[in-house]
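Biologist: I would like to learn how to read a model of this kind, step by step. Could we take the chain as a whole before turning to single residues?

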Amino acid sequence: MIKINAKPVDFKLGEYISNGFEFLKNNFGNILGAFLLCILMCIIPFCGLLAVGNFYRYCRDLKAGKSVSAGDIFNFDNFTPYFIMQLILVGAILLIYIPMLFMIPTMADRDPSAGPPLLFMVYAFVIYIAILIVSLKAFYMPALISLGGVTDVKTAWNMSVTMGKGNLLSIFLYSLVVGILGQLGIIACFIGLIFTLPLVYICNYFAFEDAMKQVTYDEIQEIGIKNEF
């Protein structure tokens with residue numbers, strides 16, 4: 001029985017990357033098979049986030065030494081919260097593009113050499129910053145849903161905001177570093193992607209695992225400890 005006490009997390013950027021690298025190196029075959037199935041599942045409409053969440057659960061069980069199968073990726077237990085999240089994302093994208101539909105006619109008669117109008121550039125910048133902030137605040141939502149069992153999207157969002165409080169810059173730098181590592185595979189004629197892309201998600205798993213350890217406690221275990229005294 002796990003209870004979550006959302007609080008700001010002590011973010012350990014370097015530790016997550018080093019642990020992810022070691023874990024991937026020691027379990028490369030298993031992880032690669034699961035990750036390829038994760039990519040395959042992402043092709044199914046509205047199953048992309050669910051596939052990634054299942055990959056995190058797979059990593060948790062593999063690390064714990066449990067019997068795992070790459071087929072665990074095709075688990076639909078958490079379909080509803082991830083489906084709602086993706087509906088919200090689709091709605092947000094539509095809201096972003098609606099104002100742009102009104103700007104396009106004003107750009108049609110504009111001299112191409114003059115560049116995009118100032119209003120469009122300001123709007124694009126504001127949207128970029130808004131998306132960045134929301135993404136950073138929602139960083140822990142996959143962990144809460146897949147590893148913490150939180151099924152309500154609003155609750156997961158509120159908890160993620162609390163857990164990331166004071167760490168948005170660290171999360172941004174971490175995402176930047178991990179993103180660069182993920183892109184290194186492209187340099188090796190895309191062959192390196194079979195190593196670097198799984199590494200990105202493995203590092204995320206260790207960030208999520210550490211965060212969940214900091215905000216959860218096992219009530220059954222706690223009762224046992226109290227009985228010992």
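**Reading the fold and its core**

Modeller: Let us begin with burial: in this predicted model, buried residues make up 35% of the 229 residues in the chain. The chain exposes about 13100 Å², of which carbon and sulfur atoms supply 69%.

Biologist: How many helices and strands does the chain have, and what pattern do they follow along the sequence?

Modeller: There are 10 helices and 2 strands, and reading along the sequence gives the pattern β-α-α-α-α-α-α-α-α-α-β-α. Among contacts in the chain with a separation of 6 or more, 72% are accounted for by residues 24 or more positions apart.

Biologist: Which residues have the most contacts inside the largest nonpolar core?

Modeller: That core has 52 residues, and those with the most contacts inside it are F55, F139, Y140, L144 and Y174. At least two core residues each are supplied by α1 (13–26), α2 (28–42), α3 (48–63), α4 (79–108), α6 (141–147), α7 (153–163), α8 (168–187) and α9 (193–215), and the largest share, 11 residues, comes from α9. To see one of these core residues in its setting, take Y174: leaving aside residues up to four places away in sequence, Y174 touches F11, L13, Y16, I17, F139, V200, C203, N204 and A207.

Biologist: Turning to the loop between α7 and α8, is N167 buried or exposed?

Modeller: The cut-off for burial is a relative accessible area under 20%, and N167, which lies in that loop, counts as buried because its value is 10%. Beyond residues up to four places away in sequence, N167 touches V9 and F11, and F11 is also among the residues that Y174 touches.

Biologist: And on the surface, which residues make the nonpolar patch of about 550 Å²?

Modeller: The patch is made by L169, F172, L173, L176, I180 and L184. One of them, L176, is found in helix α8, and since partly exposed covers the range between the 20% and 50% limits, L176 falls in that class because its relative accessibility is 45%.

Biologist: Where in the chain does pLDDT stay under 50?

Modeller: Confidence should be read both for the chain and by region: the mean pLDDT of the chain is 84, and 84% of its residues reach 70 or more. Over residues 219–229, however, pLDDT stays under 50, and for this stretch the model has 4 contacts beyond four places in sequence.

Key:
Residues numbered from 1 in each chain as written. Predicted model: local features only at pLDDT ≥ 70, side-chain atom pairs only at ≥ 80, totals over all residues. Heavy atoms only, no water. Core = buried A, V, L, I, M, F, W, Y, C linked by side-chain atoms within 4.5 Å. Buried < 20%, exposed > 50% of the residue type's maximum accessible area, 1.4 Å probe, protein only. Helix = DSSP H or I, 4+ residues; strand = E, 2+ residues; numbered from the N terminus. Contact = heavy atoms within 4.5 Å. Areas by Shrake-Rupley, 256 points an atom, 1.4 Å probe, with all protein chains shown as cover. Patch = residues over 30% accessible without salt bridge, like charges linked within 9 Å, V, L, I, M, F, W, Y side chains within 5 Å. Salt bridge = Lys/Arg side-chain N within 4 Å of Asp/Glu carboxyl O. pLDDT = per-residue confidence, 0-100.
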